[in-house]
Amino acid sequence: MGVKLGILGLGTVGTGTVQLLQDTVGRHPLLQEIEIYRVGVRSLSKPRTVELPEGVITTDLEAIVNDPAVDIVVEVMGGLEPARSLILKALSNGKHVVTANKAAIARFGAEIFTAANQAGVYVMLEAAVGGGIPVIQPLKQSLSVNQINAVTGIVNGTTNYILTRMQTEGSNFDDVLADAQRLGYAEADPTADVDGLDAADKIAILASLGFGGRIHLEDVYCEGIRQVSKTDIAYAEKLGFVIKLLAIANRTSLSPSSPLSVRVHPTLLPKAHPLASINGVYNAILVEGEPIGQVMFFGPGAGAGATASAVSADILNLVATLKTSTANPNPLLACRHQDYCEIAPIAELVTRFYARFLTKDQPGVIGKLGTCFGNFGVSLESIVQTGFQRELAEIVVVTHDVQEGDFRQALTEIRNLEAIDSIPSILRVL
């Protein structure tokens with residue numbers, strides 16, 4: 001008696017998943033117990049690279065989630081609606097759901113997981129974060145006895161590809177973005193990637209799993225990479241750093257009850273840091289916990305094969321569950337948290353900063369900068385004055401740890417100094 005799948009969507013991920021499920025040789029024997037029963041698509045006339053029996057493909061997606069014969073609904077269509085409504089309908093009909101939809105989970109996770117728990121079924125989402133990299137199940141199972149202190153990741157391949165090329169070629173952002181779009185590494189509308197929104201969805205999901213509470217997406221601080229210039233990348237290199245778009249969730253103190261800081265922003269990483277050498281379209285997630293210490297998950301963050309690997313692993317988990325069915329859900333597979341995490345505002349973040357100033361070439365400018373910073377308790381780790389741009393001196397400072405609010409107040413005072421022309425960039429330092 002095979003387990004019947006209803007698949008919603010036959011785009012890149014859907015096609016990759018069907019191909020993997022059909023190619024069972026040399027793979028886990030449970031794959032042979034899966035029947036691709038219905039596949040929902042927008043258009044029947046579109047050419048397909050997979051062959052499916054007559055009658056399997058349909059444009060009636062509602063009928064799939066309402067079909068009593070379907071055991072597992074696999075949502076790989078993306079987007080917010082109708083994905084959300086179809087997932088909720090599948091759950092209310094007592095079907096397990098596998099999804100790759102980070103946007104829907106990050107926004108409607110509370111509603112979706114509440115519905116799953118009420119129906120006694122599971123929502124599996126390994127493919128929603130990090131492509132094929134197994135990180136969701138490890139956080140729910142293998143690392144579940146640890147107290148997680150921090151989850152830090154490079155979780156968006158497009159921005160990592162752009163920053164890597166800017167670093168290796170000395171190119172500027174706009175040129176590399178245009179090239180990445182031409183090569184298919186960036187979307188025609190790159191907003192979700194380059195403005196950090198995709199990474200924010202993903203860190204909201206990882207933080208929720210790592211810290212055992214729900215996350216309001218609007219509490220996640222988000223800053224993209226458009227303002228990172230080749231000048232900053234060159235300075236970072238001289239100072240011993242690389243610039244990466246990091247998604248970070250960590251406790252604000254060692255106490256397990258302390259608020260979380262959850263944020264996405266370009267960051268100067270010391271070259272010795274484990275994430276500093278993750279280049280191109282690769283993703284990596286560094287988890288720090290007690291007693292385990294540091295664990296890093298690394299691999300391809302997107303692509304048909306990688307994502308299909310994660311979707312299919314979730315399907316296998318559910319097939320095994322259905323075959324060993326008991327009345328009580330497995331608490332390591334289910335969503336266990338109901339409450340929301342307390343998230344500290346970004347002004348309370350304690351971090352180091354990198355700032356680049358363009359100043360009029362006057363004596364004593366560095367002293368004035370130092371005084372303004374000192375007024376707000378900001379101490380400087382290094383200060384470098386190098387060349388000139390348009391008759392202006394360029395001064396770069398890296399601070400010691402400081403509360404973000406204090407640093408911003410110091411900058412407000414510095415902006416009013418007569419000698420300051422502009423502050424072209426401010427970046428956080430790990």
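This section walks through helix packing, cis peptide bonds and a nonpolar surface patch in a predicted model.

Two helix pairs are a good place to start. Helix α1, spanning residues 12–22, meets helix α11, spanning residues 304–323, with the two axes coming within 8 Å and crossing at roughly 60°. Angles from 65 to 115 degrees would count as roughly perpendicular and those under 35 degrees as roughly parallel; α1 and α11 are therefore oblique to each other. As for handedness, the crossing in which α1 passes α11 is right-handed.

The second pair brings together helix α4 (residues 102–119) and helix α9 (residues 197–211), whose axes lie 9 Å apart and make an angle of about 55°. That angle makes α4 oblique to α9. Here the crossing is left-handed, whereas α1 and α11 cross in the right-handed sense.

Helix α4 also contains A119. Is this residue buried or exposed? With a relative accessibility of 33%, A119 counts as partly exposed, because that class covers values between the 20% limit for buried residues and the 50% limit for exposed ones. From A119 to F298 there are 179 residues along the chain, and their C-alpha atoms are separated by 34 Å.

F298 leads on to the surface, where this residue joins L183, Y185, V281, Y282 and M296 in a nonpolar patch. Together, the six residues L183, Y185, V281, Y282, M296 and F298 contribute about 540 Å² of accessible area. Within the patch, V281 sits in the loop that links β10 (260–270) to β11 (282–290). The relative accessible area of V281 is 33%, so this residue is partly exposed. That value also fits its place in the patch, because patch residues need over 30% relative accessible area.

The backbone offers two further details for anyone checking omega angles. Which peptide bond has omega near 5°? It is the bond from E81 to P82, which is cis. P82 belongs to the loop between β4 (72–75) and α3 (83–92). A cis peptide bond also runs from E290 to P291, this time with omega near 15°. P291 is located in the loop between β11 and β12, the latter covering 293–300.

Conventions. Residues numbered from 1 in each chain as written. Predicted model: local features only at pLDDT ≥ 70, side-chain atom pairs only at ≥ 80, totals over all residues. Heavy atoms only, no water. Patch = residues over 30% accessible without salt bridge, like charges linked within 9 Å, V, L, I, M, F, W, Y side chains within 5 Å. Areas by Shrake-Rupley, 256 points an atom, 1.4 Å probe, with all protein chains shown as cover. Salt bridge = Lys/Arg side-chain N within 4 Å of Asp/Glu carboxyl O. Helix = DSSP H or I, 4+ residues; strand = E, 2+ residues; numbered from the N terminus. Buried < 20%, exposed > 50% of the residue type's maximum accessible area, 1.4 Å probe, protein only. Axes fitted to C-alpha atoms, helices over the stretch in contact; angles between N-to-C directions. Parallel < 35°, antiparallel > 145°, perpendicular 65-115°, else oblique. Left-handed = near helix turned anticlockwise from the far one by under 90°.
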